[in-house]
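This report describes one strand, its pairing partners and a helix residue that packs against it. The structure is shown first, and the description follows.

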Amino acid sequence: MHIQQLKLKNYRNYQKLDIPFDDKVNVIIGENAQGKTNLMEAIYLLAFTKSHRTPRDKELISWDEEYAKIEGRVTKRKQSFPLDIIISRKGKKAKLNHIEQKRLSQYIGALNVVMFAPEDLTLVKGPPHIRRRFIDMELGQIQPKYVYHLGHYQKILKQRNHLLKQMQRKGKQDKTMLQVLTDQLIEHAAILLERRFMFLELLRKWAKPIHSGISRQMENLDIRYNPTIGVSEEENKEKIETIYSNKFNEIQEKEIDRGTTLIGPHRDDLVFYVNDKDVQVYGSQGQQRTTALSVKLAELDLIYNEVGEYPVLLLDDVLSELDNYRQSHLLNTIQGKVQTFVSTTNVDGINHETLKRAELFRVRNGIIDI
């Protein structure tokens, strides 16, 4: 799988761009604030229909312009097809093979992308919402139906929280509507939880040997799911629904008092253990970085195993954050098999065969020289 060509129009500081890419390694070189990360963001958005940097799509449109457009030509399973994202003040359109897709679940997965950026080092030590977003984005790529259930869950959650807030303020005790929303929420929550357990099993399978290799067989990585209810990976959907139902009945008055939904996938977390110790609490910075790198590299193998092709890898200003050993391990892993985009201020000091063979692009103020 690779991106053959990328076109941008009115996208951040790119007024117009039309550029072909090598199917192996492409290095984007430039000073800060010149457009390196904007280019990476555009590729990410082409895959997920949303930015990894901002939830506000309007920020992606160039100043004083009415719309932004991202076009890409992708090769996957030996077939070539176009992807288009159009962002305007009125909303966003996503097209696959020139056909507008009404649902994200029909679009996401057409292009598989894994991004590794400096902020991903907070995957281990950052707040829980970063890890939940990681699960949602990666699982959505290999199971588009997950995106469908996640969207419905988030919509019902918003309605339920609004109702709980009303009941908290006004003291309404007609709980019929609350029960309707709770039942709907449980239906999607159980599916999300079941699929997250499945994803975690796959992630653990691929990440453990990678971490062992990077740590020279001195460390053992384990990844555990930390749900807000007492449920294990062995439970099926029906059992999870029953546990949720019982728990919601138990905490109903507390939720009304607080005006919010207190349990569910939107409050769950991942916990990383190195040699049976919580690496977020007890791990060194090196162990935390090794864990984050192991998880990111595991994504490549996981997606390959599920989809049949390696995803596109985006390394956004991350090589300078890794020491020489981790840097070499990363570049050795991708060498010759993964289309990779590397953004950096310079390649000095990175002495690796992968970068010596790469296509180099220099960006300055939204203009790229090949």
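Leaving aside its neighbours within four places in sequence, T291 is in contact with V124, H211, L221, F272, V274 and V279. The model in which these contacts occur is predicted. T291 belongs to helix 9, which spans residues 285-307. Is T291 buried or exposed? With a relative accessible area of 0%, T291 is buried, because this value lies under the 20% cut-off.

Two of the contacts of T291, F272 and V274, are among the buried residues of strand 10. Strand 10 covers residues 269-274 and is mostly covered, with 6 of its 6 residues buried. In a regular strand the side chains alternate between the two faces of the sheet. Both faces of strand 10 are covered: D269, V271 and Y273 are buried on one side, while L270, F272 and V274 are buried on the other.

Strand 10 pairs with strand 9 and is also joined to strand 11, as the following table sets out.

| Partner of strand 10 | Residues | Sense | Bridges | Example of bridge partners |
|---|---|---|---|---|
| Strand 9 | 221-226 | antiparallel | 6 bridges | R224 and V271 |
| Strand 11 | 277-278 | antiparallel | 2 bridges | V274 and K277 |

V274 thus appears twice in this account: it is in contact with T291, and its bridge partner in strand 11 is K277.

How many residues lie between strand 10 and strand 11 in their hairpin? There are 2 residues between them, and N275 in the turn has a positive phi of about 50°.

How values were computed. Residues are numbered from 1 along each chain as its sequence is written. This is a predicted model: local features need pLDDT of at least 70, side-chain atom pairs count only at pLDDT 80 or more; totals for chains, interfaces and linings use all residues. Side-chain values use heavy atoms; hydrogens and water are left out. Buried means under 20% relative accessible area, exposed over 50%, partly exposed in between (1.4 Å probe, protein chains only). Helices (H or I, at least four residues) and strands (E, at least two) are DSSP runs, numbered from the N terminus. Two strands pair if DSSP finds at least two bridges between them. Contact means heavy atoms within 4.5 Å.
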